[in-house]
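User: I would like a close look at one part of this model, the strand pairing, and then an account of how the rest of the chain is arranged. Please keep to what can be computed from the atoms.

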Amino acid sequence: MIIEQRTGLECGRQKLLFRGKEKEDGEYLHDAGVKDNAKILVLEEPVSAEKELPEMPQPEEILKALRAIDEVRAEVDMLAGRVSALEVAINCGTKVAEKEFVVSAELLMRQLLKLDMIEAEGEARVQRKAEVRRIQNFHELLDNLKATNAKPVNTNVNVATVTTDWETFDSGMGSLTPPPPGTSSSTAITEEWERFD
């Protein structure tokens with residue numbers, strides 16, 4: 001208490017060191033070997049933010065921002081169902097009208113603009129940023145689905161057949177003499193190309 005009177009440092013935040021060892025609260029200095037004119041080191045014990053700052057209620061602006069973000073999140077959840085339905089249709093091979101992609105992208109963009117207009121600090125800023133990322137991911141998915149939808153569906157699938165009828169070639173392989181002129185070649189050159197997607 002004497003140190004608190006001289007320094008203004010509260011007793012609970014004082015840390016006393018004598019000869020490199022910390023002294024406990026209930027320990028008397030004369031029992032630790034402290035004599036007149038001995039040097040004692042007094043340190044301020046760090047206090048965690050929880051102890052130092054009491055829980056403060058969130059300002060009204062942050063609560064307002066959180067409510068606005070929740071409203072946008074609810075609308076994006078509904079749009080997520082729409083994007084999911086498009087994804088299922090495309091993956092099943094169903095052609096989807098171009099308009100569906102345009103409308104979905106526009107609705108997502110509106111939600112992105114709403115988020116952009118929200119002034120946010122602290123937790124609200126973190127939630128807004130997460131929601132922006134979520135909308136951007138939906139936009140990317142829509143772009144990929146649109147590209148997949150634009151590819152032509154190939155109904156004429158070329159099927160490869162395997163045969164066990166083997167053809168023999170008399171090309172003179174294994175001999176030093178070339179095949180005689182006028183021998184027909186077994187190689188046929190065609191202009192038919194097989195397409196792969």
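In what sense do β1 and β2 pair, and over how many bridges? Please start there and then go on to the pockets, the nonpolar core and the residue E131.

Analyst: The model is a predicted one. β1 and β2 pair in the antiparallel sense, and two bridges join them. F18 has its bridge partner in β2, namely K21. This pairing belongs to an open sheet of three strands in the order β2-β1-β3, with antiparallel pairing. β2 (21-22) and β3 (41-44) are the edge strands, each of them pairing on one side only.

The sheet can be placed in the chain as a whole. The secondary structure consists of five helices and three strands, and along the sequence these follow the pattern α-β-β-β-α-α-α-α. The protein chain has 197 residues, of which 18% count as buried. If contacts in the protein chain between residues at least 6 apart in sequence are taken, 67% of them join residues at least 24 apart.

β1 also takes part in a pocket. The largest pocket has a volume of about 540 Å³. Its lining is made up of 17 residues, and those closest to the pocket centre are M1, I3, Q14, L16 and L29. Two elements, α1 (2-7) and β1 (14-18), give two or more residues each to this lining. The largest share is that of α1, with four residues. By class, the lining of the largest pocket holds eight charged, six nonpolar and three polar residues.

The second largest pocket has about 230 Å³ of space. Its lining consists of E61, I62, K64, A65, A68, M117, I118, E119, A120, E121, R125 and R128. Here the elements that contribute two or more residues are α3 (60-91) and α5 (123-150). α3 gives the most, with five residues. The classes in this lining are six nonpolar and six charged residues, with no polar ones.

α3 and α5 return in the nonpolar packing. The largest nonpolar core has 23 residues, among which F101, L108 and A124 touch the most other members. At least two residues of this core come from each of α3, α4 (98-116) and α5. α3 again gives the most, here with eleven residues. Taking F101 by itself and leaving aside neighbours within four places in sequence, its contacts are L86, I90, V96, L142, L145, K146 and N149.

The last item is E131, a residue of helix α5. E131 counts as buried because its relative accessibility is 3%, and the cut-off for buried is under 20%. Not counting residues up to four places away in sequence, E131 touches V72, R73, V76 and L115.

To return to the part asked about: β1 is the strand between β2 and β3 in the sheet order, and β1 also gives two or more residues to the lining of the largest pocket. The second largest pocket draws two or more residues from each of α3 and α5, and these helices, together with α4, each supply at least two residues of the largest nonpolar core.

Definitions and conventions:
Residues are numbered from 1 along each chain as its sequence is written. This is a predicted model: local features need pLDDT of at least 70, side-chain atom pairs count only at pLDDT 80 or more; totals for chains, interfaces and linings use all residues. Side-chain values use heavy atoms; hydrogens and water are left out. On a 1 Å grid over the protein atoms alone, a cavity is a set of points where a 1.4 Å probe fits but cannot get out, and a pocket is an open set with protein on both sides within 12 Å along at least five of seven lines; lining residues have an atom within 4 Å of a point. Grid points are joined across faces, edges and corners, and a volume is the space filled by probe spheres set on the points. Ala, Val, Leu, Ile, Met, Phe, Trp, Tyr, Cys and Pro count as nonpolar, Asp, Glu, Lys and Arg as charged, and the others, Gly among them, as polar. Buried means under 20% relative accessible area, exposed over 50%, partly exposed in between (1.4 Å probe, protein chains only). Contact means heavy atoms within 4.5 Å. Two strands pair if DSSP finds at least two bridges between them. A nonpolar core is a set of buried Ala, Val, Leu, Ile, Met, Phe, Trp, Tyr and Cys residues joined through side-chain atoms within 4.5 Å.
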